[in-house]
Amino acid sequence: MLELPAVRGTLTAQRSLADLTWMRVGGPADVLFQPADIEDLSAFLAALDPSVPVFPMGVGSNLIVRDGGIRGVVIRMGRGFNAIDIAGDDVIAGAAALDAHVARKAADAGLDLTFLRTIPGTIGGAVRMNAGCYGSYVADVLTSVTVVGRDGAISEVGADTLDLAYRQSTLPDGAVIVAARFRPAKAPPETLHQRMTDQLAKRDATQPTKDRTAGSTFRNPAGFSSTGRADDVHDLKAWKVIDDAGMRGATLGGAIMNTMHSNFLTNAGNASAADLEDLGELVRKKVYDSQGITLQWEIMRVGDRLDEDTAK
Ligand SMILES: Cc1cc2nc3c(=O)[nH]c(=O)nc-3n(C[C@H](O)[C@H](O)[C@H](O)COP(=O)(O)OP(=O)(O)OC[C@H]3O[C@@H](n4cnc5c(N)ncnc54)[C@H](O)[C@@H]3O)c2cc1C
């Protein structure tokens with residue numbers, strides 16, 4: 001076990017991460033740290049050997065954790081980080097608060113964070129990924145975030161410092177978001193609650209929301225195709241190019257490209273992380289070979305493959 005500072009929260013060595021992710025796959029973290037509160041997190045990071053990698057995670061709804069697991073310390077926040085406060089026209093949410101809970105509480109106060117209602121992650125993950133749907137993104141409403149740096153320093157920084165772009169930010173590696181402040185538009189609570197009911201129904205009708213997935217597997221391809229010709233521009237849906245490559249319903253081990261929505265890579269029951277990632281790579285190859293389009297992963301793949309470990 002790594003040499004670790006004393007904490008008030010929980011440190012668990014060799015903790016499997018599979019049950020902490022939506023895909024239900026993945027090997028262990030060398031150490032899983034569940035801090036008691038922000039001071040506990042800050043003191044731990046300040047005292048931790050700076051060479052030890054740190055990976056914060058939410059509820060793993062955008063992750064494939066590889067079968068060999070994650071080296072270093074995985075940080076997962078819980079109760080000490082899930083407060084949701086309404087402060088005038090602002091919503092302040094802890095990093096571990098679930099997006100859906102934040103959307104509902106904001107709606108009760110007449111503040112529109114409805115787009116978060118159908119995204120199954122936490123506020124930390126939503127900020128890091130600039131999560132969004134139905135035309136709204138975190139970047140539209142985020143004003144500042146409270147961050148604990150890899151050195152343990154606590155700071156509140158403006159949203160502009162994160163350079164939020166499509167599903168990405170410039171948050172430094174190892175930095176942990178502990179809270180976020182939003183300034184949403186206002187609307188009557190009944191309107192907001194009705195919108196969320198409609199959006200939930202729309203999701204359930206079009207996406208496999210109950211399956212073991214990590215949401216959209218690939219970004220919608222846009223831009224030039226492989227010919228590079230100025231007139232050869234496309235603006236396509238990932239599910240369509242996957243369908244055109246004949247990969248809807250394709251399987252590998254326990255992984256399947258969902259038959260309800262072909263851009264949802266799914267653990268059909270007993271998939272390994274390698275099954276899922278390799279099926280994703282096979283889809284990318286088939287799409288490229290058939291249409292000259294390079295699909296980019298939207299799901300983050302983290303940690304070590306088992307085959308790489310064994311080969312060492
Ligand atoms: C059914 C389904 C539907 C989805 N639909 C959408 C959608 O419509 N729009 C959308 O944007 N996404 C969607 N997603 C993807 C996913 O829910 C989002 O990306 C979500 O924001 C991830 O949040 P998380 O807390 O689960 O983060 P994780 O998946 O645990 O982590 C994702 C990334 O965020 C980082 N991270 C997490 N917490 C912190 C923190 N506190 N501090 C610093 N970094 C952190 C992790 O290190 C990692 O890099 C969907 C997923 C599923 C399963």
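Biologist: Ala, Val, Leu, Ile, Met, Phe, Trp, Tyr, Cys and Pro count as nonpolar, Asp, Glu, Lys and Arg as charged, and the others, Gly among them, as polar. How many of each class are in the shell around the ligand?

Modeller: The shell has 20 nonpolar, 11 polar and 3 charged residues. Bear in mind that this is a predicted model, where local features need pLDDT of at least 70 and side-chain atom pairs 80 or more, while totals for chains, interfaces and linings use all residues. Residues are numbered from 1 along each chain, and side-chain values use heavy atoms, without hydrogens or water.

Biologist: Cool. Which residues come nearest to the ligand?

Modeller: Of the 34 around it (a heavy atom within 4 Å), the nearest are Pro 56, Ser 61, Thr 122, Gly 132 and Arg 203.

Biologist: What does Gly 132 do there, atom-wise?

Modeller: One of its backbone N or O atoms sits 2.7 Å from a ligand nitrogen. That's a polar contact (N or O atoms within 3.5 Å). Gly 125 has a polar backbone atom 3.4 Å from a ligand nitrogen, and for Gly 60 a polar backbone atom is 2.9 Å from a ligand oxygen.

Biologist: And which elements give two or more residues to the shell?

Modeller: Those are β3 (54-57), α3 (123-129), β8 (132-133) and β12 (176-182). Helices (H or I, at least four residues) and strands (E, at least two) are DSSP runs numbered from the N terminus. α3 gives the most, with 5 residues.

Biologist: New topic! How do α2 and α5 cross?

Modeller: The axes (lines fitted to C-alpha atoms over the stretch in contact, angles from 0 to 180 degrees between N-to-C directions) of α2 (99-108) and α5 (189-206) come within 8 Å and cross at roughly 155°.

Biologist: Who makes the contact?

Modeller: With contact meaning heavy atoms within 4.5 Å, α2 brings Ala 103, Arg 104, Ala 107 and Asp 108. From α5 come Pro 189, Leu 192, His 193 and Met 196.

Conventions
A polar contact is a pair of N or O atoms within 3.5 Å; within protein, one must be able to donate a hydrogen and the other to accept it, and residues adjacent in sequence count only if both atoms are side-chain atoms.
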